[in-house]
Structures are given as C-alpha cells and as structure tokens.
Amino acid sequence: TWTGDKLAGTNRIVVLQDSCVIQENWVAANGRYTGTSYNYYHAQTGRWHQTWVDNQGGSLELEGAFSDGAMVMMSGEMKNAKGETYINRITWTPKPDGSVRQHWEVSSDQGKSWTTVFDGLYKKVK
C-alpha cells in the first residue's frame, strides 16, 4: 500500500534454490506495470544483492546488508533521461505486526541529501 493505505499493487514471493534466492513478482494496482526481482545473499562478500527488471525496460541493481533492524540496499551511480547522475537507496523495515515498510529514496548529490520516491507498506494477504 501507499502511505494512507491505498493499494499500490500486489507481490507474489517465491523462495527458490533451497532458500538461497527470493523471487519477487510485482503487479501494480492498475495492472500496467509489472516487474520481477531476484534477491540473494553472496556468502563470499557477506552482502545481499537484488536484480530488478520490469515491463517498461527498466532495471536496477542493488547491494546492501541487514543492519540495525532494517535491510538497506543501494545502487551504484545511474543516469536519468537528462543525463544527470543519481543513486538509489531502498530500506525495508519489518514492523511488529508482520508488515514491512519499503522506503525508496534517490540522491543526486552523492548521498548528501535524499528525496523519497516511494514510501509504502507490504502486508501479507491471508
């Protein structure tokens, strides 16, 4: 859900490769935007990785770790349509009720300041 409990979309999570890979399958509430990510732990580096691809030709590579009660992953430098560089930071924070907050931010000044792109709450459907 978006902030305010409005449905943003649905996710189907699949655990693969003896629990070493988590596959996320996203469909936006309007059905027009879909994407899939593969999340895995790299034992040699001790870091988590996410590879995201979507039906709009977008992709995102993230790397990070679980620390202080949240998973924080960042991208390397990317360029927008205007050629300006930015980095992504996505934080997933588990909540006591079993939901997970996803806070996605971007920075165009090497991480000195951040702007929210998405702030939502994942809730398990029963």
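## Exercises on an all-strand protein

The protein has zero helices and ten strands. The model is predicted, so keep that in mind as you work.

**Exercise 1. Describe the order of the elements and decide how the radius of gyration of the protein compares with the globule rule.**

Step 1: Walk along the chain from the N terminus. You meet β-β-β-β-β-β-β-β-β-β.

Step 2: Look up the two values. The radius of gyration is 15 Å, and the globule rule gives 14 Å for 126 residues.

Step 3: Compare them. The two values are close, so the protein is as compact as a globular protein of that length.

Step 4: Add the dimensions. Along the principal axes, the C-alpha atoms fill a box of roughly 45 × 40 × 30 Å.

**Exercise 2. Find what share of the residues is buried, and what part of the accessible surface belongs to carbon and sulfur atoms.**

Step 1: Start with burial. Of the 126 residues, 29% count as buried.

Step 2: Turn to the surface. Its accessible area is about 8400 Å², and carbon and sulfur atoms account for 53% of that.

Step 3: Finish with the charges. There are 13 positive and 13 negative ones, and their mean positions lie 6 Å apart.

**Exercise 3. Work out whether N39 is buried or exposed, and list its neighbours.**

Step 1: Locate the residue. N39 belongs to strand 3, which covers residues 34-42.

Step 2: Apply the cut-off. Buried means under 20% relative accessible area. N39 has 11%, so this residue is buried.

Step 3: Look for a polar partner. The side chains of N39 and S37 make a polar contact of 3.1 Å.

Step 4: Leave out residues up to four places away in sequence. N39 then touches C20, V21, I22, W48, H49 and Q50.

**Exercise 4. Examine the phi values of D68 and Q110, and say where each residue lies.**

Step 1: Recall the usual case. Most residues other than glycine have a negative phi.

Step 2: Check D68. Its phi is near 55 degrees, a positive value, and D68 is not a glycine. D68 sits in the loop between strand 5 (59-67) and strand 6 (70-74).

Step 3: Check Q110. Here phi is positive too, at about 55 degrees, and Q110 is not a glycine either. Q110 is found in the loop between strand 9 (100-107) and strand 10 (115-122).

Step 4: Test exposure, for which the cut-off is over 50%. D68 has a relative accessible area of 82%, so D68 is exposed. Q110 has 53%, so Q110 is exposed as well.

Conventions:
Residues are numbered from 1 along each chain as its sequence is written. This is a predicted model: local features need pLDDT of at least 70, side-chain atom pairs count only at pLDDT 80 or more; totals for chains, interfaces and linings use all residues. Side-chain values use heavy atoms; hydrogens and water are left out. Helices (H or I, at least four residues) and strands (E, at least two) are DSSP runs, numbered from the N terminus. The radius of gyration is taken over C-alpha atoms; the globule rule is 2.2 Å times the number of residues to the power 0.38. Buried means under 20% relative accessible area, exposed over 50%, partly exposed in between (1.4 Å probe, protein chains only). Accessible areas come from the Shrake-Rupley method with a 1.4 Å probe; for residues, only the protein chains shown count as cover. Lys and Arg count as positive and Asp and Glu as negative; His and the chain ends are not counted. The place of a charge is taken as NZ of Lys, CZ of Arg, CG of Asp or CD of Glu. A polar contact is a pair of N or O atoms within 3.5 Å; within protein, one must be able to donate a hydrogen and the other to accept it, and residues adjacent in sequence count only if both atoms are side-chain atoms. Contact means heavy atoms within 4.5 Å.
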